[in-house]
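Good morning, colleagues, and thank you for joining this session. Please take a moment to look over the sequence and the structure, and I shall then walk through several parts in turn.

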Amino acid sequence: MPSVHDLMTPKPTTIESDASALAALDLMVDGGIRHLPVLDRRARLVGILSVDDLRAALPFAVNVRHPPSPDEREIARELSVAEVMTYGPLTTTSKSSVADAAGMLARFRVGCLPVVDDGRLVGILSETDVLRSVAGGARESALRRTDSRAHELEQLVTELRAERHRIQHQLGRVQRTEQESTREQREVPMDEAEHASHLVQLAVDEPLAALATRRLEALDHALFRATQGRLGTCEKCQKPIQIARLRALPGAVLCVRCAREAT
Ligand SMILES: [Zn+2]
């Protein structure tokens with residue numbers, strides 16, 4: 001029988017008790033995680049916050065797969081983690097048997113157990129971790145987890161390549177239009193009014209082309225990072241960057257948390 005150490009997620013993402021529910025939600029969305037151990041200012045475990053706690057407390061549909069809207073962000077900003085977390089959560093130790101830990105999860109109907117050794121948080125064990133081990137053994141489940149992330153990244157790269165192709169195509173059209181208009185200008189003399197309306201049209205096209213070019217640069221950057229196996233890894237904390245974030249900002253090299261700390 002494996003020990004908790006074999007199945008737990010080590011060094012879990014944590015949050016401080018005086019942080020906002022919005023910060024917690026961002027971390028959950030960013031990491032695709034459902035539980036955050038809550039630490040006090042002296043880094044002691046004081047609680048656990050689950051996505052279900054946020055669902056129960058926030059007046060909108062909380063989903064770890066979709067970032068909240070601007071309005072929802074404002075609402076979540078008003079609430080603090082300490083107001084909605086579960087205080088003094090049940091814990092286990094890394095040396096405990098999975099059978100014991102699974103027994104606690106079932107008996108007390110909790111979704112996860114923070115793993116604490118000598119007063120220090122070292123990991124988190126979720127129901128899902130235990131179920132995975134029952135389904136196929138800890139090593140296989142760890143591999144499968146890596147596989148599905150690798151698969152998601154592969155799909156993302158395919159999407160980004162397709163988008164790059166579409167943008168190049170569109171930019172090609174924009175450039176052709178500009179060439180055509182210069183040619184027209186040479187062949188047919190325009191009076192001043194016509195020329196002015198023409199300029200307005202170009203001015204509308206150019207900012208769009210500039211934005212598309214920026215997007216293209218971000219896509220190129222992402223595809224380059226993909227060839228180096230670095231796409232989706234935060235350059236600061238080395239944790240995974242959420243796929244939805246990469247879809248929105250392909251050039252992102254920081255996770256949401258690090259990006260926010262950097263500003
Ligand atoms: Zn990071």
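I begin with Met 8, which sits in the loop between helix H1 (4-7) and strand E1 (9-10). Please bear in mind throughout that this is a predicted model.

Is Met 8 buried or exposed? Its relative accessible area is 10%, and because buried means under 20%, Met 8 counts as buried. Which residues is Met 8 in contact with, once its neighbours within four places in sequence are left aside? They are Ser 94, Val 115, Val 122, Gly 123, Ile 124, Leu 125 and Asp 129. Consider also Val 98: Met 8 and Val 98 are 90 residues apart in sequence, while their C-alpha atoms are 9.7 Å apart in space.

Let me now step back to the whole chain. The protein chain has 263 residues, and buried residues make up 37% of them. It contains eleven helices and seven strands. If we take the contacts with a separation of 6 or more, 59% of them are accounted for by residues 24 or more positions apart. As for the surface, the chain exposes about 16000 Å², and carbon and sulfur atoms supply 53% of that area.

I turn next to helix H2, which spans residues 21-31. How many of its eleven residues are buried? The number is nine, and the helix is accordingly described as mostly covered. The buried residues in H2 are Ala 21, Leu 22, Ala 24, Leu 25, Asp 26, Leu 27, Met 28, Val 29 and Asp 30. Just after H2 comes Gly 32, which takes a positive phi of about 60°.

Within H2, I should like to single out Leu 27. Its relative accessibility is 10%, and it counts as buried. What surrounds Leu 27, leaving aside its neighbours within four places in sequence? It is in contact with Thr 13, Thr 14, Ile 15, Ile 33, Leu 36 and Arg 257. One of these partners, Ile 15, is twelve residues away along the chain, and the C-alpha atoms of Leu 27 and Ile 15 are separated by 8.5 Å.

The next topic is internal space. Rolling a probe the size of a water molecule over the atoms shows where empty space is left. How many cavities of 30 Å³ or more are counted here? The count comes to one. About 30 Å³ of space lies in the largest cavity. Its lining consists of Leu 25, Val 29, Phe 60, Ala 61, Val 62, Asn 63, His 66, Pro 68 and Glu 72. Leu 25 and Val 29 also appear among the buried residues of H2. By class, the lining has six nonpolar, two polar and one charged residues.

I close with the charged side chains. Side chains of opposite charge can pair when their charged atoms come close. The structure holds twelve salt bridges, and I shall describe three of them individually.

One joins the side chains of Arg 44 and Asp 40, at 2.7 Å from N to O. Arg 44 is partly exposed, at 41% relative accessibility, whereas Asp 40 is buried, at 14%.

Another brings together the side chains of Arg 55 and Asp 52, at 3.1 Å from N to O. Both residues lie in helix H3 (residues 51-57), three residues apart, which is about one turn of the helix. An α-helix has 3.6 residues a turn, so residues three or four places apart point the same way. Arg 55 is partly exposed, with a relative accessible area of 35%, and Asp 52 is partly exposed, with 46%.

A further salt bridge links Glu 74 with Arg 77, where the closest N and O atoms are 3.0 Å apart. These two residues belong to helix H4 (residues 70-77), and again they are three residues apart, about one turn of the helix. Glu 74 is partly exposed at 43% relative accessibility, and Arg 77 is partly exposed with a relative accessible area of 43%. Beyond single pairs, salt bridges that share partners join Asp 26, Arg 73 and Arg 260 into one network. Of these, Asp 26 was named earlier among the buried residues of H2.

Thank you for your attention.

Technical notes: Residues are numbered from 1 along each chain as its sequence is written. This is a predicted model: local features need pLDDT of at least 70, side-chain atom pairs count only at pLDDT 80 or more; totals for chains, interfaces and linings use all residues. Side-chain values use heavy atoms; hydrogens and water are left out. On a 1 Å grid over the protein atoms alone, a cavity is a set of points where a 1.4 Å probe fits but cannot get out, and a pocket is an open set with protein on both sides within 12 Å along at least five of seven lines; lining residues have an atom within 4 Å of a point. Grid points are joined across faces, edges and corners, and a volume is the space filled by probe spheres set on the points. Ala, Val, Leu, Ile, Met, Phe, Trp, Tyr, Cys and Pro count as nonpolar, Asp, Glu, Lys and Arg as charged, and the others, Gly among them, as polar. A salt bridge is a side-chain nitrogen of Lys or Arg within 4 Å of a carboxyl oxygen of Asp or Glu. Buried means under 20% relative accessible area, exposed over 50%, partly exposed in between (1.4 Å probe, protein chains only). Helices (H or I, at least four residues) and strands (E, at least two) are DSSP runs, numbered from the N terminus. Contact means heavy atoms within 4.5 Å. Accessible areas come from the Shrake-Rupley method with a 1.4 Å probe; for residues, only the protein chains shown count as cover.
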